Amino acid sequence: MTPTLFANATFHTLNPKQPRAGALLVEDGVILAAGSAAELQAHAPAGTRTLDLDNAVVIPGLTDAHIHTASLARSMHEVDLRQAGSLTEALAGVGAVRPRYRDGEWIFGGWWDFNKWQVPVQPDRTGLDAICPRNPVALTSADGHTVWANSRALQLLGITRTTPDPAGGEIVRDEHGEATGILRESAVYPVRKLAASGVSGNLPDQLREAQRYLLSLGLTGVHDIDGADALDAYRALRAEGALALRVHKLLAQDDLEASIGAGTRTGQGDSWIRHGAVKIFADGAAGSHTCHMSEPFPGGTSHGMEVTAYPDLLGQATRAASAGIAVAVHAIGDRANRLVLNALAEIRDTTARLGLRHRIEHAQFLQPADVPRLAALGVLASMQPQHCPSDLPILGMVEGRGLACYAWRSLLDAGATVAFGSDSPVELPNPFHGLHAALTRTTAEGEPDGGWEPRERISLEEALHAYCVAPSYASGEEAAKGTLSPGMLADFAVLDTDIFAAGAAEIRATKVRMTVTDGLVRYRSED
């Protein structure tokens, strides 16, 4: 590969030994040197080409440490009800797209949030039945843990009044015992498997489109949380030379035994596709009131849902770790997080012997004593800063409980590693929105004034570290990427804004002019 001098820019390297540079010299996808353009030109190999970045600002490539890329790719072609402000508007949104589907075709998508509706009432199958009598409809909630289905979908899923609730899930029923069309937690798994079966389109083609979108946001890597179909699709893109994102691929809980049998281990692979931890669900979500809490939700007796019972959680974590596979446990409620830490404490000897880096995905609500405990166990907190402002309408559920909520500051002060992602398509995968949320703990409009629990705000440098350096540590690649330093992979984003000199609103509005992976320009803005 022809050596390239990327020049005429301010490079914020995140390398403490050389925080800024004016140019980067790159060859064969690796950074040879950082410094001034003049000194690098003087030592550049013969035939080096120069790429003028027009006085831009450059940061290391961003990694989304928790993203469902297959779901995102499919969602770009499905029903999107994020903007619906009522049940009526949600049904109108479904009706608007119904003509795109043939009779009998499944209609997926959703991302509805009844907590934000004018009248926050759970929907049921009757409204969908009236609009789509000849199509099965299964619409995922904004938090991804509830499905709203019509009667045709329930019929095809084999759900009747006599179907028992699955372990760790619920088929919501009316006073007559009939399924309402609301499925929670493990009850939604058949819908996820159906969507992954190919009925909603060609995934490699969909991921090709999603990849360009992610590159346009300055993302050069993802920690993908979806299933084996996503891994197969990424391998297909790589085989045709179309893969431009670095993929750290987590394993699905249901695939653990097959992965162990196949000899899969965390860290196997290369700089483009690498095996990660196995994703295990400890509880549900805040928006669906299924996260596992130590105290009941206000106004009721429910403590949420233990999706994987503790003995099974401990057994799976032990089984995975003994086989050299790290665990990434979904835990949102404070009770769920405590139980996960209990399980990881039980396997600490195996963890240390094999050098595994376990993760808690989300870690939204923690008992204060569990903050230093998480750090002491060496558990990585994989968090999504955009969830904080998005969850503002429901955060009354934790007020007065003395919990550490979205506790980025507390976790960092305790010495924990915090990696940031988006949980897209639950949130938009724009990392600059995440940076804004981490700095302000407010909505895009600046509410609440001063931020929700502002003591947990962090600095821009810390937030960038969580998008660049920490994900590289989580994937065991801290020696290869995360900073713009000699010997590191040449992955970076060229911005239209100097985010180090900008206010929070300007950071949120930042656009990417160019994204580079492996020293090659993979995305260039048309503006």
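How many bridges pair strand 6 and strand 13, and in which sense, parallel or antiparallel? Four, and the sense is parallel, with strand 13 covering residues 219-224. Within this pair, L62 sits opposite L219 of strand 13. Keep in mind that this is a predicted model.

**The open sheet**

That pair belongs to something broader: an open sheet of eight strands, ordered 6-13-14-15-16-17-19-21, with parallel pairing. Strand 6 (62-67) and strand 21 (418-420) are the edge strands; each has a single partner strand, so one side of each has no neighbour in the sheet. From one strand to the next, the twist averages 25°. As background, strands of a sheet pair through backbone hydrogen bonds, either parallel or antiparallel.

A helix also packs here. Helix 10 (residues 310-322) lies across strand 15 (273-281) and strand 16 (327-331), and runs at about 160° to strand 15.

**A hairpin with the other sense**

Over at the hairpin, strand 3 (residues 23-27) and strand 4 (residues 30-35) pair in the antiparallel sense over five bridges. A23 stands opposite G35 of strand 4. Two residues lie between the strands of this hairpin, and D28 takes a positive phi near 55° there.

Another backbone angle to look at is that of N55, which has a positive phi of about 60° although it is not a glycine. N55 is found in strand 5 (residues 49-60).

**Cavities**

Now for the empty space. Searching the whole structure turns up three cavities of 30 Å³ or more. Here is how the largest and the second largest look:

| Cavity | Volume | Lining by class |
|---|---|---|
| Largest cavity | about 90 Å³ | three nonpolar, seven polar and three charged residues |
| Second largest cavity | about 40 Å³ | four nonpolar, two polar and five charged residues |

The largest cavity is lined by 13 residues, and G61, T220, K481, G482 and D491 are the ones nearest its centre. Strand 13 and helix 17 (460-474) each supply at least two residues of that lining, so to speak of strand 13 is to come back to the partner of strand 6.For the second largest cavity, the lining includes V222, R246, V247, H248 and K481. D270, S271, W272, I273, R274 and E477 line the second largest cavity too. Strand 14 (246-251) and strand 15 are the elements that give two or more residues to this lining. Strand 14 gives the most to the lining of the second largest cavity, with three residues.

**Aromatic pairs**

What does a search for aromatic pairs over the whole structure find? Eleven of them. One of these is F11 with F492, an edge-to-face pair at 6.2 Å centre to centre and 80° between the planes. This pair links distant parts of the chain: F11 is in strand 1 (residues 4-12) and F492 in strand 22 (residues 492-495), 481 residues apart.

**Cis peptide bonds**

Finally, a couple of prolines. The peptide bond from S424 to P425 is cis, with omega near 10°. P425 lies in the loop between strand 21 and helix 16 (431-440), and strand 21 is an edge strand of the open sheet. Further along, a cis peptide bond joins E447 and P448, where omega is about -5°. P448 lies in the loop between helix 16 and helix 17, and helix 17 is one of the elements that supply at least two residues to the lining of the largest cavity.

Key: Residues numbered from 1 in each chain as written. Predicted model: local features only at pLDDT ≥ 70, side-chain atom pairs only at ≥ 80, totals over all residues. Heavy atoms only, no water. Pairing = 2+ DSSP bridges. Axes fitted to C-alpha atoms, helices over the stretch in contact; angles between N-to-C directions. Contact = heavy atoms within 4.5 Å. 1 Å grid on protein atoms, 1.4 Å probe; cavity = no way out; pocket = protein on both sides within 12 Å on 5 of 7 lines; lining within 4 Å. Points joined across faces, edges and corners; volume = space filled by probe spheres on them. Nonpolar A, V, L, I, M, F, W, Y, C, P; charged D, E, K, R; others polar. Phe/Tyr/Trp six-rings, centres within 6.5 Å; stacked < 30°, edge-to-face > 60°.
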